[in-house]
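Visitor: I would like a close look at one part of this model. Please keep it brisk, and then carry on into the surroundings.

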Amino acid sequence: MTATLAELMIVAASECWRGDGEVLASGIGIVPRLGASLAKLTHAPELLMTDSETMLVSEPIPLGPRGDYVPRYEGYLSFNRVFECVWGGKRHAMIGPTQVDRFGQSNLSVVGGTYQKPKSAILGVRGLPGNQINHANSFFIPNHGPRVFVAGEVDMVSGPGYNPARFAPGMRMDFIDLRRIVTDLCVMDFGGPEHAVRVRSLHPGVTFEQVQAATGFPLLQAPNLGETPLPTDEQLSIIRGLDPHGLRASTVKNDPPARRAS
Amino acid sequence: MSLNKELTATQAVAQIRDGMTIGVGGWGPRRKPMALVRELLRTDVKDLTVVAYGGPEVGMLCAAGKVRKLVYGFVTMDAIPLEPHFRKARESGAIEILELDEGMFEWGLRAAGMRMSFLPTRCGLGTDVLARNPELKTVASPYADGEVYIAMPALKLDVALLHVNEADRLGNTLIKARDPLFDDLFARAADRCFVSTEKLVDRFRLSADEARFNLFERSLVHGVVHAPCGAHPTYNGPDYGWDMEHLKRYNASGAEEGGWQKYVEEFVAVTESEYLAKNGGAERIAKLKTPVF
């Protein structure tokens, strides 16, 4: 089977939850949700997962209209209880912010202009402040470019990152746990000195220089920098079962083959 | 105790005055008390502080010029992520804002319900929520750890507006949706709470299983408004799903010249029964499918 870029990113996303133990895996959006679902069906069956509404399920729910699929409920998780998981640190979320900076600070609130009179209002900070101060987080960015990975700080810091200048004495930042960033070009982490962003793996056909040129801040190369693994046939068939309507193709422009011509 | 808390929507909304702080229950496009919001849109009340996990009601109140200040963590219609009239108000600088983390927002309602001035939280530390909102202060633990938290101030409400599946005239309510959201906290945070309901009976006679859907006490409820389909166009499980066709129409009004005025003429400057008729009536609304996530 020939994998697409979306499928390669789903596999890379799934790797973010490896070894997490019994935490709530919250993949928000198509690729993160399929990544979490793939993780649960392969290397991390212990993950907790919801039906993206209110019930805990023992088996990930396929995307879109479900036909006669019957969800396997194992418990209950209202929004109120999600907050309890957040504050207790028992969660690893993957979301797609509008902007991310070199500290891992994220923005989902406003872009451009001033805070009082922004050029573009998005959603609001949502749960990002609470998520990033309390539990593990990864990001999914399907359009890797300097407008997302900005120079300096994001326009409105919604989720906090590894930026000591924003923390006064006595404020704890040690629960901040930023893991990986999966993009349409590469996988990055915060494993450099003082949590500097490193490229861990490049998608097939992508160069480090290309990634750097698309990023508004300097990047490091992880010592074992390699190529992002292509999905296996087993992973592909699981992904196709989880996304029977092929919604994943809409997450990246034209959804090219995973191994692009360089 | 009032033996009959039933009010018309007009009577309930008449208790909202200029400058009040109004909490709206629900979350995004879920279980919003839209019949009460429409009634509020029909008044000349202004300068409101609106406190909400925001959905289309926030955009409508902004478009109608009723909002002086918005206290929120987000405004969205989920399937239509960007709320058009909220964005206009936010981008024009027309409204004051207190933008909060979703959990801080919950903490503020809890503090108000417990009659506390604040509750401590780490949510918001290291962000522009703290840096750009001078009204948020920090507090140090008085214990050996000395940790510094945000002191999330109580979000005290003058009035809370909620929508429920069933109620009786004493003010007992049932929320049968799978997710109760935070409506109970809105009820506790408010001086006066008005509830619209799909079904209204004189006195509940509940089984123990049904009684579990009663999520806050009738003593918190000051008025009950019978408003079948009163959450339309938002999602009110298990009674009906969201009306995506209507929400798209509303969304388009943000892009049209004079779009809001046209929306008002069609859907607000009418009676509630005319509103329902324009949306296919209770029969169509009852068939709106609950969303698949």
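Where is Thr271(B) found?

Guide: A caution comes before the answer: this is a predicted model. Thr271(B) is found in a loop of chain B, the one between α10 (259-268) and α11 (272-278). Is the residue buried or exposed? Neither label fits. Its relative accessibility is 40%. Thr271(B) counts as partly exposed because buried means under 20% and exposed means over 50%. One distance helps to place the residue. Thr271(B) and Leu220(B) are 51 residues apart along the chain, and their C-alpha atoms are separated by 28 Å.

Now take another threonine, Thr234(B). This residue also belongs to a loop, the one between β12 (223-226) and α9 (244-252) of chain B. Its relative accessible area is 0%, so Thr234(B) is buried. The side chain has two polar partners to inspect. A polar atom of the Thr234(B) side chain lies 2.6 Å from the backbone oxygen of Ala231(B). The side chain also reaches the backbone nitrogen of Lys32(B), at 3.1 Å. Lys32(B) appears again in the contact list. With neighbours within four places in sequence left aside, Thr234(B) touches Pro29(B), Arg30(B), Arg31(B), Lys32(B) and Met34(B) among others. Its contacts also include Pro56(B), Tyr240(B), Gly241(B) and Trp242(B).

The loop of Thr234(B) follows β12(B), so to speak of strands next is natural. β12(B) is joined to β11(B) by four bridges, and the two run parallel. Within that pair, Val225(B) of β12(B) stands opposite Ser196(B). Strand β11 (residues 190-201) also pairs with β9 (residues 157-168) of chain B, over ten bridges and again in the parallel sense. There, Leu162(B) faces Val195(B) of β11(B).

Chain B has antiparallel pairing too. Strands β6, β8 and β7 form an open sheet, in the order β6-β8-β7. Its edges are β6 (118-121) and β7 (137-140), each pairing on one side only. On average, neighbouring strands here are turned by 45° against each other, direction ignored. β7(B) and β8 (residues 148-153) run antiparallel and share four bridges. One of the bridge partners is Ala151(B) in β8(B), matched with Lys137(B). A helix completes this picture. α5 (residues 102-113) lies across β6 and β8 of chain B and runs at about 150° to β6(B).

Key: Residues are numbered from 1 along each chain as its sequence is written. Chains are lettered from A and ligands numbered from 1 in the order in which they are written. This is a predicted model: local features need pLDDT of at least 70, side-chain atom pairs count only at pLDDT 80 or more; totals for chains, interfaces and linings use all residues. Side-chain values use heavy atoms; hydrogens and water are left out. Buried means under 20% relative accessible area, exposed over 50%, partly exposed in between (1.4 Å probe, protein chains only). A polar contact is a pair of N or O atoms within 3.5 Å; within protein, one must be able to donate a hydrogen and the other to accept it, and residues adjacent in sequence count only if both atoms are side-chain atoms. Contact means heavy atoms within 4.5 Å. Two strands pair if DSSP finds at least two bridges between them. Axes are lines fitted to C-alpha atoms, for helices over the stretch in contact, and angles run from 0 to 180 degrees between N-to-C directions.
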